[in-house]
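Thanks for coming. Please have a look at the model on the screen before I go through some helices.

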Amino acid sequence: MDNQQESSTGLDGRVRWMTGMLEGDGHITIRFNRVGRAAKKAYVLTTVEFTNTDKAIIEEVVAICKGLGVNMYMKSYKQTPTFARRLTKWVCVTNRMKSAEPILRAMFPYLIGEKRQRADYMLKFIESRKRTLEGKHPGWHTKIPYTDEQVELVVACKHLVTPWKSPETIRAALLATQ
């Protein structure tokens, strides 16, 4: 009984609670941003995001992530006058591989369905990218191209989020900016 109580109130129990939050009010995905106007480049982001109208809940997610060694970015969205009756939306998010990895690894055993599949693709992408970057110390503006394996992991994850887009369209959009 003591082990069960420790498990439910300790970090493991809190990670389980956070996984439930992600399943209900969160989002995980791989996405890519384009930068630059003339010479467009793309870079891949591994996004883990939690959203709620209760600030205390988002603060608890931030605290759990700190326990995992990750600092999450927290912000609020003000509602427009059209939605004046709605509450303020609170969000904590990370787009960095270094931050997403420990969160996903901690939650992975408790994820189910499509979010588990996306987390698997993201973790594989992070591992592959770490191997690609191992021993390399590129400058701030240096771009190291994505491998075929990494491109396919991005395509597979994005196709789960946007099934109406063909994998070929997603792949072409990413490759056009490399």
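I will take one helix, then a helix pair, then one glutamate. This is a predicted model, where local features need pLDDT of at least 70, side-chain atom pairs count only at pLDDT 80 or more, and totals for chains, interfaces and linings use all residues. Residues are numbered from 1 along each chain as its sequence is written, and side-chain values use heavy atoms, with hydrogens and water left out.

Start with α3, residues 55–67. Helices here are DSSP runs of H or I with at least four residues, numbered from the N terminus. At the N-terminal end of α3, aspartate 54 acts as a cap, with a side-chain oxygen 3.0 Å from the backbone nitrogen of alanine 56. Just after α3, glycine 69 has a positive phi of about 85°.

Which residues of α3 are buried? They are Ile58, Val61, Val62, Ile64 and Cys65; buried means under 20% relative accessible area, with a 1.4 Å probe and protein chains only. They sit on the same side of α3, because their arc around the axis is only 160°, taken from the directions from the helix axis to the C-beta atoms.

Next, the pair. Helix α2, residues 11–25, packs against α4, residues 97–107, at an angle of about 100°. That makes α2 and α4 roughly perpendicular, a label for angles of 65 to 115 degrees. In this contact (heavy atoms within 4.5 Å), α2 supplies Val15, Met18, Thr19 and Leu22, and α4 supplies Ile103, Ala106 and Met107.

Last, glutamate 101, which lies in α4. Glutamate 101 counts as buried because its relative accessibility is 12%.

Key: Helix = DSSP H or I, 4+ residues; strand = E, 2+ residues; numbered from the N terminus. Expected span 1.5 Å × (residues − 1). Buried < 20%, exposed > 50% of the residue type's maximum accessible area, 1.4 Å probe, protein only. Polar contact = N/O pair within 3.5 Å; in protein donor to acceptor, adjacent residues only side chain to side chain. Axes fitted to C-alpha atoms, helices over the stretch in contact; angles between N-to-C directions. Parallel < 35°, antiparallel > 145°, perpendicular 65-115°, else oblique.
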